[in-house]
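Hi,

Here is the structure I said I would pass on. Have a look at it first, and then read on for what turned up.

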Amino acid sequence: MDKLFIPIQGCLLEVVREQYTDFYRDKERWRYLKKLDTKNSLLSLDGFTDSEGKPLDFIADEAADIAETVVNAVMVDRLKAALPLLSDSEQELIQAIFFDGLSEREVGARFGITQSVVNKRKARILRKLRKIIEN
């Protein structure tokens with residue numbers, strides 16, 4: 001009962017109390033740091049290497065069409081200008097689905113309506129926005 005062990009390369013190694021305490025303190029510290037990294041969305045440099053540990057090359061996408069990028073930016077600006085033209089309830093629905101990331105079912109529960117009603121309202125609002133943007 002007084003013997004202490006730590007796992008090393010798949011085997012249990014008998015250690016003194018000080019080694020045992022240090023091992024589990026370090027293990028807990030690494031777990032805590034990993035939790036912080038995940039919470040703060042930090043990236044590891046390991047993600048930028050291949051399976052052999054060689055760094056990956058990052059090359060700009062030459063297939064990106066600048067004209068398409070500009071058109072998308074203009075459409076986003078038009079969309080931002082069109083949103084205030086919606087009623088408050090329409091804005092709330094669009095906010096919940098597209099900006100808050102809620103599912104149609106969650107939005108329905110929030111507003112006390114069914115998912116199918118949310119889907120129909122969303123489609124109607126998107127048609128309305130499309131007409132506003134295209135004019």
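Let me start with Thr21, which sits in helix 1. Keep in mind throughout that this is a predicted model. Thr21 has a relative accessible area of 36%, so it counts as partly exposed. Its C-alpha atom is 9.8 Å from that of Leu4, and the two residues are 17 apart along the chain.

Tyr24 belongs to helix 1 too, which covers residues 17-39. Its relative accessibility comes out at 32%, so Tyr24 is also in the partly exposed class. If you skip the neighbours within four places in sequence, Tyr24 has contacts with Phe5, Ile6 and Pro7. For Ile6, the C-alpha separation from Tyr24 is 8.5 Å, with their positions 18 residues apart in the chain.

Now for the loop that joins strand 1 (4-8) to strand 2 (11-15), where you will find Gln9. Most residues other than glycine have a negative phi. Gln9 goes the other way: its phi is positive, near 50°. Buried or exposed, what is Gln9? Its relative accessible area is 81%, over the 50% cut-off, so Gln9 is exposed.

Stepping back to the whole chain, there are five helices and two strands. In sequence order they run β-β-α-α-α-α-α. The chain has 135 residues, and 13% of them count as buried. Taking contacts between residues at least 6 apart in sequence, 31% link residues at least 24 apart.

Next, the helix packing. Two packed helices are described by the angle between their axes and the distance between the axes. At what angle do the axes of helix 3 and helix 5 cross? The answer is roughly 105°, and the axes of helix 3 (residues 88-99) and helix 5 (residues 115-134) come within 10 Å. Since 65 to 115 degrees is the range for it, helix 3 is roughly perpendicular to helix 5. On the helix 3 side, the contact uses Glu90, Leu93, Ile94, Ile97 and Phe98. Helix 5 brings in Val118, Arg121, Lys122, Arg124, Ile125, Leu126 and Lys128. Sorted by class, the residues of this contact are seven nonpolar and five charged, with no polar ones.

One of the helix 5 residues deserves its own paragraph: Lys122. Its relative accessibility is 18%, and because buried means under 20%, Lys122 counts as buried. Leaving out neighbours within four places in sequence, Lys122 is in contact with Leu93, Ile97, Phe98 and Glu104.

Last, the pockets. Rolling a probe the size of a water molecule over the atoms shows where empty space is left. The largest pocket has a volume of about 250 Å³. It is lined by 13 residues, and Leu79, Leu83, Leu126, Leu129 and Ile133 are the closest to its centre. Helix 2 (66-82), helix 3 and helix 5 are the elements that supply two or more residues to this lining. Which of the helices gives the most? That is helix 5, with five residues. As for class, the lining of the largest pocket contains ten nonpolar residues and three charged ones, and no polar ones.

Cheers

Definitions and conventions. Residues numbered from 1 in each chain as written. Predicted model: local features only at pLDDT ≥ 70, side-chain atom pairs only at ≥ 80, totals over all residues. Heavy atoms only, no water. Helix = DSSP H or I, 4+ residues; strand = E, 2+ residues; numbered from the N terminus. Buried < 20%, exposed > 50% of the residue type's maximum accessible area, 1.4 Å probe, protein only. Contact = heavy atoms within 4.5 Å. Axes fitted to C-alpha atoms, helices over the stretch in contact; angles between N-to-C directions. Parallel < 35°, antiparallel > 145°, perpendicular 65-115°, else oblique. Nonpolar A, V, L, I, M, F, W, Y, C, P; charged D, E, K, R; others polar. 1 Å grid on protein atoms, 1.4 Å probe; cavity = no way out; pocket = protein on both sides within 12 Å on 5 of 7 lines; lining within 4 Å. Points joined across faces, edges and corners; volume = space filled by probe spheres on them.
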